[in-house]
Amino acid sequence: MTLPPNSLSITVDRADRRTLPVQVADGIRTAIDRGELAPGARLPSTRALSVEVGLARAVVEKAYEQLVAEGWLDARRGSGNYVRDVPHAVRSHRRLRPAREDSPVAQRISLRPGIPWTPPRASEAWKRAWRDVGASPPPGDYPDPAGLLDLRTRIADLLGRARGLHTTADSIVVTTGSIHGLDLALGALSAHLGVEKVLALENPGYRSAAALAEHRGWTVHDVPVDRGGLEVGELKTAPPRTPAVYVTPSHQYPTGGLMPIARRRALADWARNTGSTIIEDDYDSEFRYGIAPLPTVTELVPDNAVYLGTVSKTLGAGVRLGWMVAPPSMVERITETRRAIGDHPSIPIQYAMSSLLRDGEWDRSVRAARRIYRARDRIVAAALSRFGELRGVGAGLHTVLMLDTDVARDVAADCATNGVDVPTLEHSTRSPTTQGGVVVGYGSVSDDRFQRALGVLVDALERKGVS
Ligand SMILES: Cc1ncc(COP(=O)(O)O)c(C=O)c1O
């Protein structure tokens, strides 16, 4: 039996980036794979279908040829094109289809910290920056291993005005993010013969930093944290020749502590006295809602510090771009290594970042995101403060509600059964601590999902009798 031309329900869209024959072939392929066209059915003639869908006959012929070549259709000379019997084992288009709004997958809400929200203004700026990039010829030569000079100069300017960190392009290396910066710093430090590969690290702390250090053969020495971040006095427990400490003094990750100035100075003194290097990860300093960020530790002791910045909390973690400020000898070692192994962040992405900074779009986008986060920070504080101590309020993209470890675990489990994933501090804890809590990330969820998730968390805390 020949299928009537209107039975294929093919729609074509001239604005679609796929060519017309590809759209027609995709429509037929999908219908066969869904079982809407039975094996053995004869497709309409190319003439009939072209009239039905309003396209040139050559378009339909091309689509049929493609489907014959792929094995979906059987072309019988003088008779027409027939649907072949294709097993339904591989249905890649089904797997790729996004989850329906009402499916359990789509309903789950994750309060995982650290994923940013992209304001519409930032999306527009991003598009314009890439138009700028596209207007230049492809970069033909090998890049400067430290990064584009223009970008490094703009980053130096940004750090001076936004972070009070006064530096120059010569001290900056463009990276693919904080973790890359940490890797480059550890590589440069371990190039010294006889160095003890020990990295002192906050506990609870950034797991990826610990994982990277261990991956590179370093031993991680846990140092406890309190409301003021890393307990500097506890660095005395680290082996005597510990060459580096990794810290997040401006918004301890994940417990949210802000290291006070006296402790910053003590940390700087410790580095000066021991010859150790402080690796300062300033991962979310763009987002402060009350007080301005405190001066960086790097500014206090520039010869013994590496400063790490990233766009992962502003543009997004998939962009893979960041920067480090390091002492001259380390910059030299890093650029030598990079030249040797050809490890350069892509020039186009560096151009795009330069363009965002040059046009002031970076600052405007950050301000737009900050307005949203400030409101959410307040909502979280208002909803959760009655349940216990909150840490990290007024900064970043997450807040922590401190709880007993067991209680935090139960509350997270309750939330999970109600479709909301809330991490606990245990996820970021390496050696046991007395501190437990739930981490409430509010960066990426839409307003209504955020409110819903917060409601689920509040219910779970009430059910558990936390007060
Ligand atoms: C403490 C901390 N530092 C840095 C980053 C970002 O790292 P990267 O720039 O490598 O994406 C994150 C992301 O979650 C983080 O939590």
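**Ligand site, sheets and unusual backbone**

Q: What makes the approach of the ligand to the side chain of Thr310 a polar contact?
A: In this predicted model, an oxygen atom of the ligand is 2.6 Å from an N or O atom in the side chain of Thr310. A polar contact needs N or O atoms within 3.5 Å, so this pair qualifies.

Q: How much of the ligand's accessible area does the protein cover?
A: On its own, the ligand has 400 Å² of accessible area, and the protein covers 91% of that.

Q: How do you know that Asp281 also makes a polar contact with the ligand?
A: A nitrogen atom of the ligand lies 2.6 Å from an N or O atom in the Asp281 side chain. The cut-off is 3.5 Å, so this pair counts as well.

Q: What part of Ile179 faces an oxygen atom of the ligand?
A: A polar backbone atom of Ile179 is 3.1 Å from that oxygen. That value is within 3.5 Å, so the pair is a polar contact.

Q: Which residues are around the ligand, and what are their classes?
A: Among them are Gly177, Ser178, Tyr206, Tyr246, Lys313 and Arg320. The shell has five nonpolar, four polar and three charged residues. Tyr206 and Tyr246 belong to the shell, and Tyr counts as nonpolar. Gly177 is there too, and Gly counts as polar.

Q: Which pocket does the ligand take?
A: The ligand fills the space of the largest pocket.

Q: Why is the pairing of the eight-strand sheet called mixed?
A: The sheet is open, in the order S4-S11-S10-S9-S8-S5-S6-S7, and its pairing is mixed. Strands of a sheet can pair either parallel or antiparallel. One antiparallel pair is S10 (residues 305-310) with S11 (residues 322-325), joined by four bridges. Within it, Gly309 stands opposite Trp323.

Q: What makes S4 and S7 edge strands?
A: Strand S4 (172-175) and strand S7 (229-230) each pair on one side only.

Q: How do you know that S13 and S15 pair?
A: Six bridges join strand S13 (residues 398-403) to S15, and the two run antiparallel. Pairing takes at least two bridges, so S13 and S15 pass. One bridge links Leu403 with Gly436 in S15.

Q: Which sheet holds S13 and S15?
A: They belong to an open sheet of three strands, ordered S12-S13-S15, with antiparallel pairing. Its edge strands are S12 (390-391) and S15 (436-441).

Q: What makes S1 and S2 a pair?
A: Strand S1 (residues 73-76) and strand S2 (residues 80-83) are antiparallel over four bridges. At least two are needed, so they count as paired. Asp74 has Tyr82 in S2 as its bridge partner. Three residues lie between the strands of this hairpin, where Gly78 takes a positive phi near 75°.

Q: What is notable about the phi of Arg320?
A: Most residues other than glycine have a negative phi. Arg320 has a positive phi, near 55°. Arg320 sits in the loop between S10 and S11, and is also one of the residues around the ligand.

Q: Which value goes with the cis peptide bond between Asn203 and Pro204?
A: Omega is about -5° there. Most peptide bonds are trans. Pro204 lies in the loop between strand S5 (198-203) and helix H9 (207-215).

Q: Where is Pro254, and what is its peptide bond from Tyr253 like?
A: That bond is cis, with omega near 0°. Pro254 is in the loop between strand S8 (244-247) and helix H10 (261-274). Tyr253 is one of the residues around the ligand.

How values were computed:
Residues numbered from 1 in each chain as written. Predicted model: local features only at pLDDT ≥ 70, side-chain atom pairs only at ≥ 80, totals over all residues. Heavy atoms only, no water. Near = heavy atom within 4 Å. Polar contact = N/O pair within 3.5 Å; in protein donor to acceptor, adjacent residues only side chain to side chain. Areas by Shrake-Rupley, 256 points an atom, 1.4 Å probe, with all protein chains shown as cover. 1 Å grid on protein atoms, 1.4 Å probe; cavity = no way out; pocket = protein on both sides within 12 Å on 5 of 7 lines; lining within 4 Å. Sits in = over half its atoms within 2 Å of the grid points.
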